[in-house]
Each structure stands twice: as structure tokens, then as C-alpha cells.
Amino acid sequence: MTRLRNLSLKAVTTAAAVSALGMVFTGVASADTAYNAGATYRCTFPGIPQQDVGITATLTGPDSIPAGTTVTPTNVGGTATISAAVHSLLTAVGYDGIRGTATVPVTAAGGTVSGPASGLNIPETIYPAGGAITVVISQVASSSIPTYTAPAAAGSDTLSLGTPITAALQFHKASNNTWANWNMSCTPKTTSPAQNLAFSPTFVIT
């Protein structure tokens, strides 16, 4: 009976520990929030005039941040959508692929951001003929991700895309299978009313 009792107690203890561990991990998972922003930018390209590019940005952070504390977001990245019309212009001047890295500045209305997100990866891709192009931008091990320090008082804070977004790119020349260096610069397209560059939702400061 003693052995059975001990086994029962161990089983209960193990179950409690597993349950507690599950609650811990559930708590961590539920604390992650995806913050998203998007706008149309005017970007420079080789061989053609400035063009409109739809840029989205995303990052993951806690769903609330204690006042005055510093956190580092994760999963920083986004996309740049090159329209079919711009793709056609690039094809006309002989380019059919891209690779490189992007630098994305972010600002805070109340807190502080330590700098831009840099070294975000744009993987080497040769695009099929025709149609829109979606350029993927993602955080990798070599990326430099800024920290965010919350304001001293509880409330809320808003992050926004900064300007300019830049990229150290290489465009692939189809005719001779070579890569040409290009430093791209993108600034928000002027509209009336002005575009909303803010990430959503806002940061909750506790």
C-alpha cells in the first residue's frame, strides 16, 4: 500500500508540474502581439524613374510593457510589393532579379527607439516574367534589431515607420547573368490626407 500511495503521490505531483508548466508557456504565448504598419512609398530603381511601392512592416512584442522598461522586438520584417507595371519597366531595362538587405527606421511617439532595424534580409530571387512582385524582408541572425524603451508613465505609445527606408540591393541583369549594385531609398508618398504610418495596435504601457 505504501508503494501504491507513493506512486499515486508522484503521479499527482507530476501532473501538477506539467499543468503549471503548461500555464507558464500559455502565459508567454498569450503575451506576444503582432504589430503591423503599411503605406505607399516612392522608391528609387536603376534605369527607371521613382516608382510607387507598397511597403508593409511587422514586428512581435509583448502585449503590455511596464513603464520605463526596455524590450527588444522579434520577427521584424515585412514586404515590398512592386506592381506589374513597375515589373514591366524593370524587365524593359533588363532586370529580372533582386537580393540584398534593408534598413527600416522606426519612431516612437512617447518612448524611445535605439535606432533603425538594419541588415534585414532580402533573399536572392529571380522573378518569373510578368505580374506583381512581392519582395520579402525578414529578420535573420545577422540583423541589428533596435530596443524600445517605454515612457515613464503608464498609458499607451505609438510606433511608426520612419523615413527614409533604404536598401543595399543588387539587381540581376538577365542578358549576362551579372548583379548590379543599387542603393535604394524610399520615402512616404505625399497624399492628402497624409498616410498613416503608425503600427497597430498601440503599445500598452502599464
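This tour goes through the internal cavities, a small open sheet and a disulfide, with a selection to make at each stop. The structure in your viewer is a predicted model.

**First stop: the largest cavity**

Begin with the empty space inside the protein, where a search of the whole structure finds four cavities of 30 Å³ or more. The largest cavity has a volume of about 160 Å³, and to centre your view on it you can select Ala-80, Ile-122, Ile-137, Ala-167 and Met-184, which are the closest to its centre among the 17 residues that line it. By class, that lining consists of 16 nonpolar residues and one polar residue, with no charged residues.

Next, colour the strands that contribute to this lining: E1 (32-45), E2 (48-62), E4 (74-82), E5 (95-104), E9 (133-138), E13 (165-173) and E14 (178-188) each supply at least two of its residues. Which strand gives the most to the lining of the largest cavity? Select E13, which provides four residues.

**Second stop: the second largest cavity**

Move on to the second largest cavity, whose volume is about 130 Å³. Of the 15 residues that line this cavity, select Leu-59, Pro-73, Val-106, Pro-146 and Leu-159, which lie nearest its centre. The lining of the second largest cavity has 14 nonpolar residues and one polar residue, and again no charged residue is present.

**Third stop: a three-stranded open sheet**

Now display the backbone of strands E3, E10 and E7, which form an open sheet in the order E3-E10-E7 with antiparallel pairing. The edge strands of this sheet are E3 (70-71) and E7 (112-113), each of which pairs on one side only. To look at one of the pairings in detail, select E3 together with E10 (residues 148-149): these strands run antiparallel and are joined by two bridges. Within this pair, Val-71 stands opposite Tyr-148 of E10.

**Last stop: the disulfide**

Finish by selecting Cys-43 and Cys-186, whose sulfur atoms are 2.1 Å apart and which form a disulfide; a search of the whole structure finds one such link. Cys-43 belongs to strand E1 and Cys-186 to strand E14, and the pair links distant parts of the chain, with the two cysteines 143 residues apart. If you set up a dihedral about the S-S bond, the link of Cys-43 and Cys-186 has a value of 120° and is right-handed. Are these two cysteines buried or exposed? Switching on a surface is a useful way to view them, and both Cys-43 and Cys-186 are buried.

Notes
Residues are numbered from 1 along each chain as its sequence is written. This is a predicted model: local features need pLDDT of at least 70, side-chain atom pairs count only at pLDDT 80 or more; totals for chains, interfaces and linings use all residues. Side-chain values use heavy atoms; hydrogens and water are left out. On a 1 Å grid over the protein atoms alone, a cavity is a set of points where a 1.4 Å probe fits but cannot get out, and a pocket is an open set with protein on both sides within 12 Å along at least five of seven lines; lining residues have an atom within 4 Å of a point. Grid points are joined across faces, edges and corners, and a volume is the space filled by probe spheres set on the points. Ala, Val, Leu, Ile, Met, Phe, Trp, Tyr, Cys and Pro count as nonpolar, Asp, Glu, Lys and Arg as charged, and the others, Gly among them, as polar. Two strands pair if DSSP finds at least two bridges between them. A disulfide is a pair of cysteine sulfur atoms within 2.5 Å. Buried means under 20% relative accessible area, exposed over 50%, partly exposed in between (1.4 Å probe, protein chains only).
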